[in-house]
Amino acid sequence: MRTALIVVAVLAAAVVVDLISGMLVRRVARGRYRWLLEPLRQACRRPAAALLLVGALYYALPLGPPGWQPHLRHVARVALVISGAWLVNKALHVAEAVAFSRLPGDAVASRRVRRARTQIRPVRRLTVAVVTIVAIGLILITFRPVRLFGISMLTSAGVVGAVIGLSARTALGNAFAGVQVAFADGLHVGDVLVVDGEWGRVEEVKLTNVVIRLWDERMLILPTTYFTERPFQNWTRNESRVVGKVQIHVDHTADLDDLRREARRLVESSPLWDRGQWVLQMVDSTPQTVVIQVQASAADGASAWDLRCDLREGLICYLRDHHPQWLPRTRSQYQP
């Protein structure tokens with residue numbers, strides 16, 4: 001009867017605490033902290049109530065002689081650990097969501113925003129993993145047959161811990177590599193990368209892998225250790241502007257001044273050009289042709305790709321329609 005009364009009292013107290021906290025949050029949320037307190041209360045209501053109820057039940061149950069009460073007290077202790085981990089994980093998710101909501105929406109234009117988005121999510125996931133592992137270790141400690149296993153999880157020592165670490169070597173390596181990628185400032189969410197000849201934009205940086213959306217909408221998923229062990233090109237590390245280049249082979253008799261005027265017209269008439277830099281140069285020569293290269297800047301990687309395609313198409317059409325004699329030719333000389 002005493003335990004039942006305590007449980008009923010705790011349930012009533014949980015309802016009262018929820019109502020009072022709601023009133024306090026609504027009153028305080030009128031000020032500058034509404035963006036934090038309101039989502040925190042909405043997300044943590046259930047885990048906080050569960051933690052309060054289970055904690056009161058645990059301390060209300062008497063130790064008593066061997067019977068059903070010690071088993072119920074053990075169940076309450078496990079539920080207390082689970083409720084605490086649930087509350088902490090909910091608070092971490094709210095912290096991540098609130099941090100993202102406070103950032104500007106354009107993740108491509110601002111390098112600072114892309115860096116923050118890249119760092120917050122892996123840290124939250126690693127913290128949630130640590131809290132979960134600690135909770136599992138605390139639960140296992142309460143069971144006598146597997147108490148040593150739980151201690152080894154908490155202290156990362158002993159034979160069991162070494163076996164677990166050896167079996168999870170790849171996963172742990174990717175997890176630590178994910179933290180290293182997040183804080184090494186080598187890539188951010190929204191960066192344009194060239195990886196193994198594939199061009200794409202970083203879609204998401206997870207704890208164990210990086211998701212890249214390629215130019216043809218395919219998703220390339222690579223382990224985070226790839227970016228700590230192999231080289232890759234980052235076109236937008238310092239700024240989002242990208243310089244695209246187009247190379248075309250023409251005959252030695254081609255008039256570069258004429259091609260330069262046409263390239264200038266194509267570049268200046270394109271809405272993809274950011275009104276930054278452009279240039280046409282002869283960059284190489286072969287016995288049959290000369291190689292001209294057009295460079296033009298765009299606001300980002302996707303615009304630079306489209307601008308390159310437009311310039312290549314425009315120059316080829318100009319040569320075909322107006323100066324077909326400048327197209328590459330193979331010459332031969334007959335000697336009797």
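This short presentation covers a five-stranded sheet, a loop beside one of its strands, and a nonpolar surface patch on a helix. Please keep in mind throughout that the model is predicted.

I shall begin with the sheet. Its five strands are arranged in the order β4-β3-β2-β1-β5, and the sheet is open. The pairing is antiparallel. At the edges lie β4, residues 219-223, and β5, residues 233-234, each of which pairs on one side only.

Let me now turn to strand β1, which spans residues 192-195. On one side, four bridges connect β1 to β2, residues 198-205, and the two strands run antiparallel. Within this pairing, Val192 is placed opposite Arg201 of β2, while Val194 has Trp199 as its bridge partner. The two strands make a hairpin with two residues between them. In that turn, Asp196 adopts a positive phi of about 55 degrees.

β1 also pairs with β5, again in antiparallel fashion, through two bridges. Here Leu193 faces Asn234 of β5.

Which way do the side chains of β1 point, and are they buried or exposed? Val192 and Val194 point one way from the strand, whereas Leu193 and Val195 point the other way. All four of these residues are buried. To put the two observations on Val194 together, this residue is buried and is bridged to Trp199 in β2.

Next, the loop that leads into β5. Pro231 sits in the loop between α8, residues 226-229, and β5. Is Pro231 buried or exposed? Its relative accessibility is 76%, and because the threshold for exposed is over 50%, Pro231 counts as exposed. In sequence, Pro231 is 36 residues from Val195, and their C-alpha atoms are 8.2 Å apart in space. Val195, for its part, is among the buried residues of β1.

Finally, I come to the surface patch. Leu126, Val130, Val134 and Leu138 form a nonpolar patch on the surface. Together these residues present about 280 Å² of accessible area. One of them, Val134, is located in helix α4, which covers residues 111-141. How is Val134 classed by accessibility? Val134 has 37% relative accessibility and therefore counts as partly exposed, since that class lies between under 20% for buried and over 50% for exposed.

Definitions and conventions. Residues numbered from 1 in each chain as written. Predicted model: local features only at pLDDT ≥ 70, side-chain atom pairs only at ≥ 80, totals over all residues. Heavy atoms only, no water. Pairing = 2+ DSSP bridges. Buried < 20%, exposed > 50% of the residue type's maximum accessible area, 1.4 Å probe, protein only. Patch = residues over 30% accessible without salt bridge, like charges linked within 9 Å, V, L, I, M, F, W, Y side chains within 5 Å. Areas by Shrake-Rupley, 256 points an atom, 1.4 Å probe, with all protein chains shown as cover. Salt bridge = Lys/Arg side-chain N within 4 Å of Asp/Glu carboxyl O.
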